[in-house]
Amino acid sequence: MKICFTIKKKCLNLRPNEQNPLFCIVSINKVILIGNVGKDPEIRYVETRPIASFSLATNERERALADGTKVPERTEWHNIIMWDRNAEFAEKYIRKGARLYIEGKIRYRMWEDRNAIKRNVTEIYVDTFEMLGNK
């Protein structure tokens, strides 16, 4: 079996073996999103560390399948979390409508609300990001 990875425009032809470090990776948690900010970031502090949270919308355009069936446009909303310097930047510069490129990790949390109902949330913890401009 031969696997091809494209890394920085170079294709590596790899054969699985114990000496190849890429095959020692147990798993990868990587999310890449390009979308529009849905609301101004909310800033809070855990001890002295700032945390920014806001929503980001990504869109899939309407399309037609091979059989002619139309698939309508779809918008997904993501909960974005930024820590430390990223949070400070978000507080100063990121506003509703801004277009962002985000790389990060997906995290799931569960908690009980006041009525003892279990709640779930999915969040994207940002590692790096870039502002692309407004809509």
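**View 1. Met 131 in strand S10 of the predicted model****.** Met 131 belongs to strand S10, which covers residues 118-134. This residue counts as partly exposed because its relative accessibility is 34%, between the limits of 20% for buried and 50% for exposed.

**View 2. A nonpolar surface patch made by Phe 89, Tyr 93 and Met 131****.** The patch measures about 280 Å². Met 131 comes from strand S10; Phe 89 and Tyr 93 come from helix H1. Phe 89 has a relative accessible area of 31% and is partly exposed. Tyr 93 is exposed.

**View 3. The aromatic pair of Phe 89 and Tyr 93****.** The whole structure holds 2 aromatic pairs. In the pair of Phe 89 and Tyr 93, the ring centres lie 4.7 Å apart. The planes meet at 40°, so the pair is tilted. Both residues sit in helix H1 (residues 84-93). They are 4 residues apart, about one turn of the helix. Ring pairs also bring in Phe 129, giving a cluster of Phe 89, Tyr 93 and Phe 129.

**View 4. The two sides of helix H1****.** Asn 86, Ala 87 and Ala 90 are the buried residues of H1. They lie on the same side of H1 because they cover an arc of only 100° around the axis. Arg 85, Lys 92 and Tyr 93 are exposed on the other side.

**View 5. Arg 107 over the face of Tyr 125****.** Arg 107 lies 4.9 Å from the centre of the Tyr 125 ring.

How values were computed
Residues are numbered from 1 along each chain as its sequence is written. This is a predicted model: local features need pLDDT of at least 70, side-chain atom pairs count only at pLDDT 80 or more; totals for chains, interfaces and linings use all residues. Side-chain values use heavy atoms; hydrogens and water are left out. Patches are made of residues with over 30% relative accessible area and no salt bridge: like charges are joined within 9 Å, nonpolar side chains (Val, Leu, Ile, Met, Phe, Trp, Tyr) within 5 Å. Accessible areas come from the Shrake-Rupley method with a 1.4 Å probe; for residues, only the protein chains shown count as cover. A salt bridge is a side-chain nitrogen of Lys or Arg within 4 Å of a carboxyl oxygen of Asp or Glu. Buried means under 20% relative accessible area, exposed over 50%, partly exposed in between (1.4 Å probe, protein chains only). Rings of Phe, Tyr and Trp (its six-membered ring) pair if their centres lie within 6.5 Å; planes under 30 degrees apart count as stacked, over 60 as edge-to-face and the rest as tilted. A charge sits over a ring if NZ of Lys or CZ of Arg is within 6 Å of the ring centre and within 35 degrees of the ring normal. The arc is that of the directions from the helix axis to the C-beta atoms.
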